[in-house]
Amino acid sequence: MPQPTPHVPPDVLLREHGLRITSPRVAVLTALAEAPHSGADAVIRAVPQTAETSTQAGNDVLHTHADRGLVRRIQPTGSVARNELRTDNNQPHVVCRSCGAVEDVDCATGQPRCLVASDDTGFVIDEAEVTWWGPCPACRNQNAPAHPTPGVTHA
């Protein structure tokens, strides 16, 4: 079970990262808290419901949040960049190959074990990403036979 994103009020997050508290910044953080792993378009569509801002301002806010470490961007292969509030390093994801759903999955050991490469080839490694791929439960259920074959287990 992934660790929940700790709820830190947007104004506290913004202050901790040296940013002024503005309605668009608060609205973007609120949108991501309500819909983690959203693409920029989805975040910007959610923002006008809580604050008035332009599309460009919404994109600028997302970039600023990512640059300041309030938001983490991931981009699974074949997907638009997704944004999330969980910014802790080595926080793996699972991605559905059919619908593109993304979920957080914590390491089994709770340790950032993937930061130790067998050969760093001279790089100073400061981050590693792990993504597991496979069908999500909803897609798997759509493809399951209506009358399962006796003796066949659908995992």
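## Report on a predicted model

Thr-53 is found in the loop that runs between α3 and α4. The model described here is predicted. With a relative accessible area of 23%, Thr-53 is partly exposed, because that class lies between the limits of 20% for buried and 50% for exposed residues. Leaving out residues up to four places away in sequence, Thr-53 touches Pro-24, Val-47 and Gly-58. Pro-24 is 29 residues from Thr-53 in sequence, yet the two C-alpha atoms are 6.2 Å apart in space. Two of these partners return below: Pro-24 is among the buried residues of α2, and Gly-58 is among those of α4.

**Overall layout**

The protein contains five helices and six strands. Along the sequence they follow the pattern α-α-β-α-α-β-β-β-β-β-α. Of the 155 residues in the protein, 30% are buried. Counting contacts between residues at least 6 apart in sequence, 49% join residues that are at least 24 apart.

**Helices α2 and α4**

The table sets out two of the helices.

| Helix | Residues in helix | Reach, first to last C-alpha | Expected reach | Buried residues |
|---|---|---|---|---|
| α2 | 12 residues | 16 Å | 16 Å | Pro-24, Arg-25, Ala-27, Val-28, Leu-29, Ala-31, Leu-32 |
| α4 | 13 residues | 18 Å | 18 Å | Gly-58, Val-61, Leu-62, His-65 |

Helix α4 covers residues 55-67, and its reach is close to what is expected at 1.5 Å a residue. Its buried residues are Gly-58, Val-61, Leu-62 and His-65. Viewed down the axis of α4, these buried residues fall within an arc of 100°, so they line one face of the helix. On the face turned away from that buried side, α4 carries the exposed residues Gln-56 and Asp-67.

What do the buried residues of α4 pack against? Their partners are the helices α1 (10-16), α2 (23-34) and α3 (40-46), together with the strands β2 (72-74) and β3 (82-84). Just after α4 comes Gly-69, which takes a positive phi of about 85°.

The buried residues of α2 pack against α1, β1 (38-39), α3, α4 and β3. The reach of α2 is also close to the expected value at 1.5 Å a residue.

**Helix α3**

Asp-41 has its place in helix α3. Is Asp-41 buried or exposed? Its relative accessible area is 57%, which is over the 50% limit, so Asp-41 counts as exposed. The C-alpha atom of Asp-41 is separated by 8.6 Å from that of Thr-55, a residue 14 places away along the chain.

**The largest nonpolar core**

The largest nonpolar core has 15 residues, and those that touch the most other members are Val-28, Leu-29, Leu-32, Val-43, Leu-70 and Val-71. The elements giving two or more residues to this core are α1, α2 and α4. Which element gives the most? That is α2, with five residues.

Val-71, one of the core residues named above, has contacts with several parts of the chain. Apart from neighbours within four places in sequence, Val-71 is in contact with Leu-29, Leu-32, His-65, Ala-66, Asn-83, Glu-84, Leu-85 and Thr-87. Leu-29 and Leu-32 are among the buried residues of α2, while His-65 is one of the buried residues of α4.

**The three-stranded sheet**

Three strands form an open sheet in the order β5-β4-β6, with mixed pairing. Its edge strands are β5 (102-104) and β6 (131-134), each of which pairs on one side only. Neighbouring strands of the sheet are turned against each other by 25° on average, ignoring direction. Strands of a sheet pair through backbone hydrogen bonds, in either a parallel or an antiparallel way.

Strand β4 (residues 93-96) is joined to β5 by three bridges, and the two run antiparallel. In this pair, Val-94 stands opposite Glu-103 of β5. β4 and β5 form a hairpin with five residues between them, and Gly-100 in the turn has a positive phi of about 85°.

How many bridges join β4 to β6? There are four, and these strands run parallel. Cys-96 has Gly-134 in β6 as its bridge partner.

Technical notes. Residues numbered from 1 in each chain as written. Predicted model: local features only at pLDDT ≥ 70, side-chain atom pairs only at ≥ 80, totals over all residues. Heavy atoms only, no water. Expected span 1.5 Å × (residues − 1). Buried < 20%, exposed > 50% of the residue type's maximum accessible area, 1.4 Å probe, protein only. Arc of directions from axis to C-beta. Contact = heavy atoms within 4.5 Å. Pairing = 2+ DSSP bridges. Axes fitted to C-alpha atoms, helices over the stretch in contact; angles between N-to-C directions. Core = buried A, V, L, I, M, F, W, Y, C linked by side-chain atoms within 4.5 Å.
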